[in-house]
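Student: I am new to this structure and would be grateful for a close look at one part, the surroundings of the ligand. Which residues surround the ligand, and where in the protein do they come from?

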Amino acid sequence: MKKIISGNEAIALSFGDSGGVFASGYPGTPSTEVLEEVARIGEVYCEWASNEKVALEAVIGASIAGGRCLSTMKHVGVNVAADALMTLTYTGVNAGLILMVSDDPGQHSSQNEQDSRNYAKFAKVPMLDPADSQEAYDFVRAGFEISEQFDTPLMLRTTTRIAHAKGGVEQKVKIKPVVGEWVKNVPKYVMLPNYGKIKHVEVEARLLKLKEFAETTSLNRIEMDDTDLGILTSGVSYQHVKEACPNASVLKLGLVHPLPEKMIREFSAKVKRFMIVEEMDGIFEEQIRAMGIRVDVGKDRISYCGEVSPDIIRAALGDAITKSASPVADLPQRPPTFCPGCAHRGLFTILSKLNVFVSGDIGCYTLGALPPISAMHSSICMGASISAAHGMAKVNAIAGRTEKPVAVIGDSTFFHSGMTGLLSLAYNAGNALVIIMDNRTTAMTGGQDNPGSGQVLKGEISQQVNIVDLVKVLGIEHVVEINSYNLAETEASIKKGLETPGPYVLVDKNPCILRYRVKQPMLSVDHQKCTGCRVCLKVTCVALGLVADGDKMKVQIDPNICNGCGVCAQLCKFDAMSVAKGREKQ
Ligand SMILES: Cc1ncc(C[n+]2csc(CCOP(=O)(O)OP(=O)(O)O)c2C)c(N)n1
């Protein structure tokens with residue numbers, strides 16, 4: 001019987017059904033649900049690592065110890081794990097090892113739009129690119145087989161639409177996990193230069209064998225139809241191709257690296273017009289053109305940016321497009337904002353008031369950059385806030401500027417890659433104010449656990465790191481706890497941190513309102529006192545709205561949404577906001 005599940009669920013299911021024994025990853029949209037689902041199914045050991053490099057390294061150890069294993073991450077996570085990946089490709093594996101990476105064409109939820117297929121080419125490893133949930137399921141099983149047959153890590157790549165869309169999946173007969181031997185093999189696993197040189201030769205030979213395999217594997221298939229048009233494609237683009245050109249001949253790649261040169265040559269020779277449809281980079285096209293194969297339609301007509309759609313394919317072919325009646329076009333924009341009651345709101349309200357330069361990081365707090373709060377001025381990648389603030393302060397000092405930068409970072413990001421930045425700042429006599437928003441979860445990606453939340457992925461209680469102690473151990477003398485719901489106190493603490501020379505760290509220990517559901521008595525507005533000045537609206541809380549009161553518009557609070565955090569009330573100069581009558585005890 002078929003199950004209707006998402007690509008992410010299919011990968012998790014197949015991991016358990018294909019003899020998997022160990023999984024480790026770091027959350028990141030659209031990959032996060034894979035490990036959550038492995039944990040929910042509950043048959044296989046899995047864990048959140050503190051970052052993607054740690055996750056991949058743990059999985060390397062698991063493979064050396066003989067267990068089939070899986071590491072999950074989003075595309076930018078591979079940048080973090082790349083150091084391990086680029087040498088893992090030399091050592092190869094003992095038991096099957098899959099690195100699952102989810103790309104985000106269209107940047108629905110990411111800081112960039114990089115194409116992970118580049119990594120497969122760069123690391124010289126095979127990559128599979130499923131086109132639906134069934135393939136996501138099947139490719140995990142096939143991935144383990146390829147990984148073991150060719151002694152290589154294998155990358156399994158999804159994109160947002162494959163990861164999150166649901167489709168029918170037929171399960172295969174379950175393979176019982178068998179843990180292999182754990183053997184010492186210095187030339188294979190110790191990549192000193194002398195061993196590495198030998199391994200590099202082996203990697204090149206392996207790639208040639210994989211190329212031969214690509215020609216014959218059923219992972220790649222030709223669907224011959226009308227020979228006027230032949231399209232080479234893979235992944236979700238295959239679905240768009242089938243919708244836009246149902247009669248065209250199609251070469252559908254499941255193994256997207258290395259490419260089956262002979263197969264492509266023969267296919268392209270049989271069709272009048274040869275088109276390549278690929279999202280983001282022109283990786284197929286570049287290689288296929290380098291093979292000397294004629295490409296009639298490709299990246300010259302399909303953008304490197306954003307997602308592909310049937311309309312884009314039709315337009316690239318020069319077909320007349322009847323504009324699709326998109327219901328989305330006329331909807332009002334609803335930019336993301338802090339949740340009602342989120343502790344980040346109070347902090348950014350004060351940072352905005354103080355008009356300091358905020359070196360930001362990646363998490364819910366990045367929303368502090370948006371108007372009208374507009375209190376974040378750089379955000380590059382996870383962990384960059386502290387190191388970048390350090391660099392700013394050093395150059396400020398050289399330029400004779402006295403302004404001290406402020407770095408804002410969340411707890412998960414601090415554990416991920418902020419700690420090393422702070423260590424370096426302390427070591428190099430830095431001069432920044434660092435604010436760590438310790439909401440005890442990885443909120444941005446849906447509230448996953450981390451080393452500060454006190455429990456692990458499968459729900460068991462674990463140690464809970466005390467960030468204040470940790471910061472001290474890294475060499476910071478001034479560490480102060482703050483409560484960002486109290487605006488006056490927070491302002492005073494920030495000013496003190498800015499006035500004190502050298503590194504200064506504030507830790508805001510307020511739990512994520514969405515995950516921990518901390519609810520204070522809700523507030524209401526006294527319209528006798530409210531003048532309609534709208535100062536409170538600057539905190540961009542969706543619980544606040546306007547309502548007509550006589551000839552004036554006055555503020556009202558939505559009782560269904562207000563979390564009673566009181567930040568808006570502290571901004572009101574007319575004392576118009578207070579705990580709603582009858583709601584004193586929530
Ligand atoms: C290298 C990398 N891995 C994962 C992500 C996905 N991601 C975005 S923000 C974030 C962490 C947010 O947690 P935290 O720093 O605690 O802030 P919060 O959202 O809880 O305020 C993650 C995992 C990413 N953007 N980059």
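Tutor: The following account begins with the shell around the ligand and then places that shell within the protein. Please note that the model is predicted.

The ligand is surrounded by 25 residues, of which G363, G410, S412, T413 and A443 are the closest. Two helices, α4 (75–91) and α16 (411–427), are the elements that each give two or more residues to this shell. Sorted by class, the shell holds 12 nonpolar, 11 polar and 2 charged residues. Both domain 1 (3–216) and domain 3 (343–516) supply at least three residues to the shell.

These two belong to a longer list: the domain assignment also gives domain 2 (221–316) and domain 4 (523–579). Domain 3, which contributes to the ligand shell, is also in contact with domain 4, through 8 residues of domain 3 and 9 of domain 4. On the domain 3 side of this contact, helix α14 (residues 343–354) gives the most, with 3 residues. That side comprises 5 nonpolar, 2 polar and 1 charged residues. The centres of domain 3 and domain 4, taken over C-alpha atoms, are 29 Å apart.

As for the wider setting, the protein has 20 helices and 22 strands. Its radius of gyration is 27 Å, close to the 25 Å that the globule rule gives for 586 residues, so the protein is as compact as a globular protein of that length. The C-alpha trace spans about 80 × 60 × 55 Å along its principal axes, and 50% of the 586 residues count as buried.

Key: Residues numbered from 1 in each chain as written. Predicted model: local features only at pLDDT ≥ 70, side-chain atom pairs only at ≥ 80, totals over all residues. Helix = DSSP H or I, 4+ residues; strand = E, 2+ residues; numbered from the N terminus. Rg over C-alpha atoms; globule rule 2.2 N^0.38 Å. Buried ≥ 20, exposed ≤ 12 C-beta atoms within 10 Å, placed from the backbone. Near = placed C-beta within 6 Å. Nonpolar A, V, L, I, M, F, W, Y, C, P; charged D, E, K, R; others polar. Domains from an automatic or database assignment. Contact = placed C-beta atoms within 7 Å.
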